[in-house]
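I wanted to sort out the cysteines first and then the chain contacts. Here are my notes, in the order I looked things up.

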Protein chains: 4
Amino acid sequence: MEHFDKPKEACGVFGIYDFDGNAVAHSIYYGLCALQHRGQESCGIAVSDTSGPKGNIGNHKGMGLVSEVFKEDTLRRLCGNLGIGHVRYSTTGDSSLKNAQPLVTNYIKGTLALAHNGNLINAAALRAALEAQGVLFHTTTDSEVIACEIARQRVHTATVEEAIIRTARQIRGGYALVIASPRKLIGVRDPLGLKPLCLGKRGNSYILASESCALHSVGAEFIRDILPGEVISITPKEIASDRSMCCGPKAHCIFEYIYFARLDSRMDGINIYDARFRAGAALAGAAPADADIVCGVPDSGIPAAFGYAAASGIPFAIAFHKNSYVGRTFIKPTQKERETSVALKLNVLKPVVEGKRIVLVDDSIVRGTTIARLIVMLKEAGARSVHVRISSPPFLYPCYFGTDIPSNKQLIASSHSTEEICAAIKADSLAYLSIDDFESMVGTLPLCRACFDGHYPMDVNKPS
Amino acid sequence: MEHFDKPKEACGVFGIYDFDGNAVAHSIYYGLCALQHRGQESCGIAVSDTSGPKGNIGNHKGMGLVSEVFKEDTLRRLCGNLGIGHVRYSTTGDSSLKNAQPLVTNYIKGTLALAHNGNLINAAALRAALEAQGVLFHTTTDSEVIACEIARQRVHTATVEEAIIRTARQIRGGYALVIASPRKLIGVRDPLGLKPLCLGKRGNSYILASESCALHSVGAEFIRDILPGEVISITPKEIASDRSMCCGPKAHCIFEYIYFARLDSRMDGINIYDARFRAGAALAGAAPADADIVCGVPDSGIPAAFGYAAASGIPFAIAFHKNSYVGRTFIKPTQKERETSVALKLNVLKPVVEGKRIVLVDDSIVRGTTIARLIVMLKEAGARSVHVRISSPPFLYPCYFGTDIPSNKQLIASSHSTEEICAAIKADSLAYLSIDDFESMVGTLPLCRACFDGHYPMDVNKPS
Amino acid sequence: MEHFDKPKEACGVFGIYDFDGNAVAHSIYYGLCALQHRGQESCGIAVSDTSGPKGNIGNHKGMGLVSEVFKEDTLRRLCGNLGIGHVRYSTTGDSSLKNAQPLVTNYIKGTLALAHNGNLINAAALRAALEAQGVLFHTTTDSEVIACEIARQRVHTATVEEAIIRTARQIRGGYALVIASPRKLIGVRDPLGLKPLCLGKRGNSYILASESCALHSVGAEFIRDILPGEVISITPKEIASDRSMCCGPKAHCIFEYIYFARLDSRMDGINIYDARFRAGAALAGAAPADADIVCGVPDSGIPAAFGYAAASGIPFAIAFHKNSYVGRTFIKPTQKERETSVALKLNVLKPVVEGKRIVLVDDSIVRGTTIARLIVMLKEAGARSVHVRISSPPFLYPCYFGTDIPSNKQLIASSHSTEEICAAIKADSLAYLSIDDFESMVGTLPLCRACFDGHYPMDVNKPS
Amino acid sequence: MEHFDKPKEACGVFGIYDFDGNAVAHSIYYGLCALQHRGQESCGIAVSDTSGPKGNIGNHKGMGLVSEVFKEDTLRRLCGNLGIGHVRYSTTGDSSLKNAQPLVTNYIKGTLALAHNGNLINAAALRAALEAQGVLFHTTTDSEVIACEIARQRVHTATVEEAIIRTARQIRGGYALVIASPRKLIGVRDPLGLKPLCLGKRGNSYILASESCALHSVGAEFIRDILPGEVISITPKEIASDRSMCCGPKAHCIFEYIYFARLDSRMDGINIYDARFRAGAALAGAAPADADIVCGVPDSGIPAAFGYAAASGIPFAIAFHKNSYVGRTFIKPTQKERETSVALKLNVLKPVVEGKRIVLVDDSIVRGTTIARLIVMLKEAGARSVHVRISSPPFLYPCYFGTDIPSNKQLIASSHSTEEICAAIKADSLAYLSIDDFESMVGTLPLCRACFDGHYPMDVNKPS
C-alpha cells in the first residue's frame, strides 16, 4: 500500500536534448509524471535554449505533484531544446521550495542546472571545507555542494566533463546526476550503481531518466543503462562517455527491485514486474500455506501475490478496493476515528474473503502498522485465517544512500523475532523470503543488501 | 479505464443524524469520499444543529473533489448533529458552483436542505407551471424544482413527510433524495428503484447513503436498502416509513451493476464484485477464446476478467500499469502528442504480454476510442493476438434518468455491427455478453435495461 | 479617517444598457470601482445579451474589492449589452458570498437580475407572508424578498414595470434598485428619496448609478437624478417613467452629504465638495477658535477643514501623512501594540504641528476612539492645543434605512454631553455644527436627519 | 501622482535587534509597511533567534505588497529576536521571487542575511572576477555579489565587521546595507551617502531603517542618521562604529528630498515636508503666476503646492479626487478606453476648478504624459487657464545608483525646451525651479544632482 509504512525513495531525474531544436518542456513534464512515484513533495523543470546566448535558462519549481505545479502557461514560458527535471522527496535538506530542484545557478561558463537523486555520505565534510574557503550556501542540499564543487573545478579544467569527473571522484554515496551546462546534457551515475539512470532516444532527441518507464511515456526507446561510474555527455556532435570510474565493484540498490521502481520499468537488465513475480513464486516454494485464496496488499504486493498464486496453484483474488480519490490532501481522521483510518483508503471485499483462508502477500514490512490493520479488516469481514507472506527479507538496518527509512526503533524487525511480529500483527502465520532466495530473482546482478544484512558497500561513518 | 469513454453517473448522496448530538461533518466528509466515484465535479455539505433554533444551518460547497473542497477548518465550522452531503457530476443544469448541492433554502418551517441523485423527465413542465404561479428559480437544477414543490405543498400539509409524498407523486424519473428539515432526516427513493439508497446505523446514529460502501467508510453497519417508492423519516422518536408508493413495478438501473457502483458495495441484495465476476464467467462460457492470458482494462474490467479467467482456466495477468498520479488537472497532450495520450495514464507491461495471445476484458464500450488505443499498445508490445470480451451487451440507447451518455452518433454500437466494431478497434475477435446472460448475474432482480433494448420503464417524451 | 469609527453605507448600484449592442462588462467594472467607497465587502456583475434567447445571463460575484474579484478573463466571459453591478457592505443578511449581489434568478419572463442599495423596515413581515404561501428563500437578504414579490406580481400584470410598481407600493424603507429584466433596464428610487440614484448617457448607452462620479468614470454625462418614487424603464424603444409614487414628502439621507458620497459627486442638485466646504465655513462662524493652523482628519475631514480655514483666515496645513498601502488585509497590532495602531495608517508631520495651536476638523464622531488617538499623537508631536470642530451635529439615534451605525451604547454622544466628550478625547475645546446651520449647506433640500433628532420620516417599528 | 510617470526608488531596508529576546517579526512587518512607498514589487523578512544554534534563521519572501505577502501565521513562524526586512522594486536583476530579498545564505560563521538598497556600478566586474575563481551565483542581483565577497573575506578576517569593511572598499555605487550575522545586526552606508539609513531605539531594541518614518511606525525614537561610509555593528555588548571610510566628499541623492522619501521622514537633518514646502515657496518667488487657485498633483505635488500658495497668497484648493481603491491589480482600460484612463484614479472636482485660473504644482516631470492628461481634464471641467509649476529642475540625465528612470529618449526634457514642453502638454505657462533655488531648500547639505546637471560624483562607466 503506497504512502503508508514503506521506505521512501528520494527522487527521480529526467533530462532531454533535442538536436532538432524543438521545445522540450512538455516532454519533461510527461517524463516527470511517469517518475512521480519516486517523489511527490516538490518538482521542477529547467530549460535552456541552446541557440540563444549562454545561460539563457528558464526554470520553475513548486511544492506538490507535477500536475499541480505545472500548468500549460508555465510550460509554454519554459522555452528551449535542452532541459532537465526533477521530482523530490526530501531525505536531506528541509522540505521547502528553496531546496526544490533542479538547482539552477550561474558559473564561469554560463548556466549550470543540476538534478540529483541520491545521498552523499561525505556532504557535510565537503560543505565545511568549502565554507572554510569562503563559499556561501543558499540551500541545505547535497546537490548544492556538488554544484559548487563543479564550479570550482571548472576554473582549472578544459571541459565541464572534466570538472564533473573530478567532482565525482570526491563525492561518496549513491547518486544519479543529470546536468545541463549551456550546450551539453550530462549524466553521471555513482560507481557502485546504487542509483539508476538510463539512456533513451526519440527521433533526434536523447533522453536520460531514472527509469525506463519515463522513456516510454514520451515515446522514446530504451537504449541502455548508464554504467555505474560512467559520465555521459550528450551534444549534437557526439555522445561521449568517460568510464574511468567504472572499474570497481557494483552494488545496485535492492529496494528498487522490491518496491521503488515502477512495475513497467526495466533496470540493469531486470524487468521489475518479472523480479517481483518471481520473488512471489520463490516465496510460495519456501513458505507454502494451506489456503483458499492468495491476495496482495494494493498496490505494492500484487505482483508477488500473482507469483505466489501461480507457483502454489491457489487462486488469486482481490481482497481490497482502493479508493483512488483519497490523496495527499485528505483530512486525516482524529484520534477517535483513527482505528478506521485505513478503511478510508482500502476497503475489504467481504464476499471475496468471507469464510476463506487467505495468503496475504506484501513486498515488505517496515513498522507493521498497516499490515496489522489489514489483517483486522480481513478477520472482521469473516476471513478464517490470514497467512502473511513477505517477498523480501526482514528490514533491519538503516540506509545512508538516499532511501528514507524510519529509525531502528521503528523498524519492527530490528527488535522483534518473526514469531513476535506474527503475534503482534495477529497473523495466523508469517514468513519472509530469505536473502539468498531473493537474490535469485535478479540473477547474478550485484546488489546492495545492507538494509537486510548490514554489509554496507562503503564505510558509512554511521552517526552516533 | 475510468474517466475515459464511460457513461457517467450523476451523483452520490449521504445523510446522517446523530441522536447523541455529536458533530457529524467529518462523517459526511468520509462518506462523500467513499462516494466520490459517483461524481467529481462539485460537492457540498450542509449541517444543522437540532438543539439550536430552527433553520440554523451551515453549508459549504465547491467545485472539485471532496478532499480539495473541504479542509479541516471548513469542517469545524459546520457544527451540528444532523447533516447531508452530495457529490455531483452535472447531467442537468450548468456545471457551476451555483448548481452544486446540497440545495439549502428556508421555507415556512425553517431550513430545508436537499441532496438529489437522478434526473426528472418532467422537470421542465413542473418548472414552467411553478413559474406561471410566480415562483423564482435561482438555479437550473431539477433539485430546486423538487424543493420548491415541497415548500408549496408544506403550506397545506400537517407534516413535511406528507409534503414530500405529495411532491414525489408529481415528479417522474429516477431519483434518490436525502433531505434535512430542521429536526428530521428524510430519504426518498423513486418508485421504480432506478437510483439506489440504503440505510445504515452506527451507535445511536442513522445514515442514508447511495451505496453501502459509504456506510462502511464511517464504521456503520448496513441495515437495508430503502425500498423503491419508500419515504423514510428519521427522528430521535422513531424511524418512520411511508410505503404508499411502493406497490408498482421495479426497474433498477443495470449500469450500477456493470460500472457505476463501487466494487465493495452491496445494492438491492447483489454484491457488486460478485455480479461483475459472474458476468465475466458467463462471458467465458458464451464467448470462449484460444488464448494464453486474460487481462482486464484497469480498473473497470478487472473483476470480469477474474471471472473470465476462473471460468476459462486461462491464467489472469496484469497487462497495464496505471499511473495514479495522472489526475484531472493533468495537461493533455497536444494534437501531435495525441497518439501517446493513453500511454501516460496506462502503460503496458511488455514482459507480460510479449508473444502472448490475450483476452482483454472490459465492462462496456461507448465510443470505442480507448479500447482501440489499448489494443495498439498491446500489439506494439508484442502481443500475438487480442480478443476483446465485453461483460455487458452493446450500448444502443440514451438514458433519461440521470446517466450521462454520449449522443447516439457517438455510441459506436448504434451505427456499427459487432464485426464492424471489431475491425474498427483492430481486435482479433470481439464478443459482448447477451442481455439474457447478463441478467443471470443479478438473479431475479428487475432491471431497467433500456440502454440496451430501448424499452424504457416509463414514457420518456424523447426530445426530438 | 476612512474605515475607522464611521457609519457605513450599505451599497452602491450600477446599470447600463448599450443600444448599439456593445459589451458592457468593462464599463460596469469601472463604474463599480468608482462606487467602491460605498461597500468593500463583496461585489458582483450580471450581464445579459439582449440579442440572445431570454434569460441568457452571465454573472460573477465574490468577496472583496472589485479589483480583487474581477480579472480580465472573468470580464471577458460576461458577454452582453445590458448589465448591472453591485458593491456591498452588509447591513442585513450574513456577510457571505451567498448574499452577494446582483441577485440573479429566473422567473416567468426569463431572467430577473436585481441590485439593491438600502434597507426595508417591513422585510421580515413580507418574508413571513411569502413563506406562509409556500415560497422558498435562498438567502437572508431583503433583496430576495423584493425579487420574489416582483415575480409573484408579474403573473398578474401586463408588464414587468407594473409588477415592480406594485412591489414598490408594498415595501417600506430606503432603497434604490437597478433591475435587468431580459430586455429592459429598470431603476427605482424609494418615495422619500432616502437613497440616491441618477441617470447618465454615453453615446447610445444609458446608465443608472448611485452617484454621478460613477457616470464620469465611464465617460458618461450626468442627465438627472431619478426622482424619489420614480420607476424608470430603459429600452431601445423609449425611456419611460412612472411617477405615480412621486407625490409624497421627501427626506434625503443627510449622511450622504456629510460622509457617504464621493467628493466629486453631485447629488439631488448639491455638489458634495461644496456642501462639505460650506459646512466647514459655517462651523468657523459658529465655533471660532484661536489657533495657528487648521488641519483636517484624512480624508473625511479635509473639505470642511478647507472651508473652516477659508472662513476663519487661519491657514490650512497638513498634519498627517496617510499610508495608502495599509489596507483591509493588514495584520492588526496585538493588544500590546494597540496604542500605536493608528500610527500605522496615519503619521503626524511633526515639523508642521510642533508648537502650534491647532483646529482639527472632522465630519463626525461616532465612538470617539479615533479622534482621541489623533489628539494624543498631535500633542506628543508638540502641538500646544487641539481644538476639535465637527462639521455635523452630534450623532444620537440609530438608522433603520441601511446605514450601519453602532448601537446607542457605543454612540459617545448619546450618553455624554459635549463637555464630557471634550474631556474624554482630551481636546482643548470641542464644537459641533448645529442642525440648522448644517441644513443651510444644502439649501432647501428636504433631509432625513433622524440620526441627529430622532424624527424618522416613517414609522420604523423600532426593535425592542 | 504616484505610480505614474515618476522615477522609482529601488528599495527600503529595515533591521531590528531586541536585546531582551522578544520576537521581532511583527515589528519588521510594521516597519516594512511604513517603507512600502520605496518598493511594491516584492518583500521579505528574515529572523534569527540568537539564543539558538548559529544559523537557525527563518525567512519568507513573496511578490507583492507587505500586507499581501505576510499573514499572521507566517509572522508567527518567523521566531527570533534579531531580524531584517526588505521591500523591493527591481532595478537590477529580474523581477522574480528568486531575486527577492533579504538574501539568506550560510557561510563559515553560520547564517548571513542581507538586505540591500541601491546599485553598484562595478557589480558586473566583481561578479566576473568571482566566477573566474569558481564561484556559483544563484541570482542576478548585486546583493549576491556583496554577500559572496563578504563570505570570501570572512575566511581571512577576525570579525565579520572587518570582512564587511573590506567588501565595502571594493564595491562602488550607492548602497545601504542591513546585515544579520548569527548574533550581530550590522548596517553600512555608502561613502557618498547616496542612499539613506538611520538608527532608532525602542526600549532595549535597536533599529536600522531607510527612513525615520519606519522608526515611528514601530514606536521607536530616532537617534541619528548613519554617516556616509559608516559601518555600525549592534550587539548586546556594544554599538560599535567604524568610520574609516567616512572622510571623503558626500553626495546625498537629491530625489529623496524631491519625491522618494515619505513626507513625515527626516533625512540627514532635513524634514522632508519642510523641504518640499520650501521648494514650492521658492517656486512662487521665481515663477509667479496670475491665478485664482493653487492646486497640487496628488499626492506628490501637494506639499509644494502648499508652499506656493503660502508664498504667493493665492488660495490652495483641491482639484482632484483620488480613488484609493484603484490599486496595482486594477484592470487597465483598453486602447479604446485609454483616454479616460487617468479619470479612474483621479477625478476633477468640477465646482472647484470651473472658471478658474489655476496654478498646478507637481514635483517633477519625467515623460510628461500624466501632467498633459491632467491639464486636459482641468480644461474640460472649465478651468480658464492652467499654469504648471514644477518644484525641481528639468530631468536630463540617467541615474546609475539605483533609481529607475526611463531612457533618455523618454525623458521629455532631454529633447525639448521648456517652451516646447509647455506646448506639448498644452499648459498656459510652465516653469521649473532652478538647481540653485532648489539647493536652498536643503541648506548646505551636499547633494548628488547628476540627474539635473550630469556631474556624477564618481566615474560611472556609462554603458554605450
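**Cysteines.** I started with A:Cys11, which is buried at a relative accessible area of 5%. This is a predicted model, and I wanted to know what the sulfurs were doing in it. How many disulfides are there over all chains? I got a count of zero. A:Cys11 is in no disulfide, and the nearest cysteine sulfur, in A:Cys43, sits 12 Å away.

Next I checked A:Cys295. Why has the sulfur of A:Cys295 no bond to the one in A:Cys422? That sulfur in A:Cys422 is the closest cysteine sulfur, but it is 17 Å off, so the two are too far apart for a bond; a disulfide needs the sulfurs within 2.5 Å. I also noted that A:Cys295 is buried, because its relative accessibility is 0% and the cut-off for buried is under 20%.

**Chain B against chain A.** I moved on to the contact here, which takes 44 residues from chain B and 44 residues from chain A. Together they bury about 4,100 Å², with 63% of that on carbon and sulfur atoms. Which three residues of chain B supply the most area against chain A? I found B:Tyr30, B:Tyr325 and B:Ile331, which give 20% of what chain B buries there.

I looked for salt bridges between chain B and chain A and came up with zero. Polar contacts did turn up: eight residue pairs across this interface, both partners at pLDDT 80 or more. Then I asked where the chain B side comes from. Elements giving two or more residues include helix H1 (25-34), helix H9 (272-286), helix H10 (302-312) and strand E20 (346-348) of chain B. H1(B) has the largest share, at five residues. I sorted that side by class and got 22 nonpolar, 14 polar and eight charged residues.

**Chain D against chain C.** I ran the other pair too. Here 44 residues of chain D touch 44 residues of chain C. The buried area is about 4,100 Å², and carbon and sulfur atoms give 63% of it. D:Tyr30, D:Tyr325 and D:Ile331 lose the most area to chain C, together 20% of what the chain D side buries.

I found zero salt bridges between chain D and chain C, and eight residue pairs in polar contact, both at pLDDT 80 or more. Among the elements giving two or more residues to the chain D side are helix H3 (72-77), helix H7 (212-217) and helix H12 (350-353). H1(D) gives the most, with five residues. My class tally for that side was 22 nonpolar, 14 polar and eight charged residues.

Terms used. Residues numbered from 1 in each chain as written. Chains lettered and ligands numbered in written order. Predicted model: local features only at pLDDT ≥ 70, side-chain atom pairs only at ≥ 80, totals over all residues. Heavy atoms only, no water. Buried < 20%, exposed > 50% of the residue type's maximum accessible area, 1.4 Å probe, protein only. Contact = heavy atoms within 4.5 Å. Buried area = accessible area lost by both parts, 1.4 Å probe. Salt bridge = Lys/Arg side-chain N within 4 Å of Asp/Glu carboxyl O. Polar contact = N/O pair within 3.5 Å; in protein donor to acceptor, adjacent residues only side chain to side chain. Helix = DSSP H or I, 4+ residues; strand = E, 2+ residues; numbered from the N terminus. Nonpolar A, V, L, I, M, F, W, Y, C, P; charged D, E, K, R; others polar.
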